[in-house]
Amino acid sequence: MADFVGAVDQGTTSTRFMIFDHGGNEVGRHQLEHEQILPQAGWVEHNPVEIVERTNAVLQSALNSTNLKASDLAALGITNQRETTVVWDRTTGRPLYNAIVWQDTRTDRIATALDRDGRGDVIRRKAGLPPATYFSGGKIQWILENVDGARAAAERGDAIFGNTDTWVIWNLTGGVNGGQHVTDVTNASRTMLMNLETLDWDDELLGFFGVPRSMLPEIKPSSTADGFGSTLANGSLGGEVRITGDLGDQQAATVGQVCFAPGEAKNTYGTGNFMLLNTGHELVRSEAGLLTTVCYKLGDEPVTYALEGSIAVTGSAVQWLRDQLGIISGAAQSEQLARQVEDNGGVYFVPAFSGLFAPYWRSDARGAIVGLSRYNTNAHLARATLEAICYQSRDVTEAMSKDSGVALDVLKVDGGVTLNELCMQIQADVLGVPVSRPVVAETTALGAAYAAGLAVGFWNSTDELRENWNEARRWDPQWSAEQRDAGYAQWKKAVERTLGWVDVG
């Protein structure tokens, strides 16, 4: 058997390809950013063609830099930014519109209307999700209603939909020449269109959004020997490799963090933050503002569910300091700047650029910086930005404890922001529990590789994957209980100031 497994990680700001060995160690990678298109306030788009070009480029570059060939890969896994919606013409391969990104809020009126007439309660019961701008269903509806010719193309079966996993797989496996139109249960569970109990598209939910069933991809397990098709012999990998794993990025990170037992949780720090708690085969409905979602489905085994706390803006708030305000030149500088002060100087920053996600679900919220005085500097704002990442995560852990009855004893973390040592120390301080980072911090790609490798016997069991997990660093809380409570109380006051800023009919 080949010695390695590859994983495409198609993320919000970049696409990377990573190669892992049997021990779960990184052997090679290449990564390229893509453009963030911001046509107007609240709108966030990507160019789907650029995403495919970046995917092909990172595949080729990673293989070239490691002197590996397609035949050295036992399988390929795909993981992706979830909810980001692509609609394209199956006959031409061209997108009908840019990809509408999960952060985009243009569908706020669609989401609000669903809650006004009771359809929202049906979506919560069947899909485990609140009606929100976050998910794919409203984005598909918007494209069908606002892009010339889109509705007609959908009705005649030419226009098809996918999140970016589906779009990438369709192109890797042939595109207009027999490309596979498929997705997995984790991505399907983020659309507001899949029934969590049947794991299939639901006709009633499709009717709410006016989405023809013919637009939708076939739903498969996250890890499947049947596969999602194979790369083309003359494609970017230069050979045929079976695609046998596909998970949304946060579910992939949960697999990469080997959270295979009920009660195990991880928090991924990327563009946004996403905390998932494995609830096993039990479908736990949240009473505290969390999402009920599919965690993963491995082959013929029963589906595993999760509770999820999704936070829209965390790492992207640091990007905002860099790109919009210009007070730092790179993400690493946020830590250096924040270390210049002992505390936040009374400043709280609630980065509700896309409204507030879990546990609030308020599309009428917008970002606010409060508590400013003449004393404050850009260092205080940098510190407040890191604290905002951590306080939003505490909001989610509080909700998880209410829903599950399980108190957190350690938080497993991964993603790019975990390289910020100060931020991770603040996270331990704000939560009052240790924070643990694994040796392989890019667990999203690793989880996709695990799913693909399990399907072909590269790894024999999840127990074997557990043996690969090793802790690289642990942060223990240093704040007193009084500091922790006082800081959190001020944070909650700051959140209140953001609510009701935008009128959403």
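**View 1. The buried residues of helix H13 in this predicted model.** Here you're looking at Leu422, Cys423, Met424, Gln425, Ile426, Gln427, Ala428, Asp429, Val430 and Leu431, the buried residues of H13. With ten of its eleven residues buried, H13 is largely enclosed by the rest of the structure. Polar side chains aren't kept out of that list: Gln425 and Gln427 are in it, and so is Asp429.

**View 2. The two ends of H13.** At the start of the helix, check out Asn420: one of its side-chain oxygens comes to within 3.3 Å of the backbone nitrogen of Leu422. Just past the other end sits Gly432, with a positive phi of about 80 degrees.

**View 3. Gly416, in the loop leading into H13.** This glycine lies between strand S20 (411-414) and helix H13 (421-431). Is Gly416 buried or partly exposed? It counts as partly exposed, because its relative accessibility is 40% and buried would need under 20%. Leaving aside residues up to four places away in sequence, Gly416 touches Tyr269 and Glu442.

**View 4. The residues UniProt lists as "binding site".** An unreviewed UniProt entry gives Thr12, Thr13, Ser14, Thr271, Gly315, Gln319 and Gly416 under that heading. Although they span 405 residues in sequence, no two of their C-alpha atoms are more than 13.3 Å apart, so they gather at one spot. The lining of the largest pocket takes in Thr12, Thr13, Ser14, Thr271, Gly315, Gln319 and Gly416.

**View 5. Gly315 in helix H10.** Zoom in on another of the listed glycines, placed in H10, which covers residues 315-325. Gly315 has a relative accessible area of 11%, so it's buried; the cut-off is under 20%. Which residues does Gly315 touch, not counting those up to four places away in sequence? They are Gly270, Thr271, Ile389 and Val417. One of these, Thr271, is also on the UniProt "binding site" list.

**View 6. The largest cavity and its lining.** The count comes to one cavity of 30 Å³ or more, and the largest cavity has a volume of about 40 Å³. Around it you'll find Ser310, Ile311, Leu356, Phe357, Ala358, Tyr360, Gln392 and Asp395. Strand S17 (304-311) and helix H12 (378-404) each supply at least two residues of that lining. By residue type, the lining splits into five nonpolar, two polar and one charged.

Definitions and conventions
Residues are numbered from 1 along each chain as its sequence is written. This is a predicted model: local features need pLDDT of at least 70, side-chain atom pairs count only at pLDDT 80 or more; totals for chains, interfaces and linings use all residues. Side-chain values use heavy atoms; hydrogens and water are left out. UniProt positions are given in the numbering used here, feature names are shortened, and annotations may be inferred rather than shown by experiment. On a 1 Å grid over the protein atoms alone, a cavity is a set of points where a 1.4 Å probe fits but cannot get out, and a pocket is an open set with protein on both sides within 12 Å along at least five of seven lines; lining residues have an atom within 4 Å of a point. Helices (H or I, at least four residues) and strands (E, at least two) are DSSP runs, numbered from the N terminus. Buried means under 20% relative accessible area, exposed over 50%, partly exposed in between (1.4 Å probe, protein chains only). Contact means heavy atoms within 4.5 Å. A polar contact is a pair of N or O atoms within 3.5 Å; within protein, one must be able to donate a hydrogen and the other to accept it, and residues adjacent in sequence count only if both atoms are side-chain atoms. Grid points are joined across faces, edges and corners, and a volume is the space filled by probe spheres set on the points. Ala, Val, Leu, Ile, Met, Phe, Trp, Tyr, Cys and Pro count as nonpolar, Asp, Glu, Lys and Arg as charged, and the others, Gly among them, as polar.
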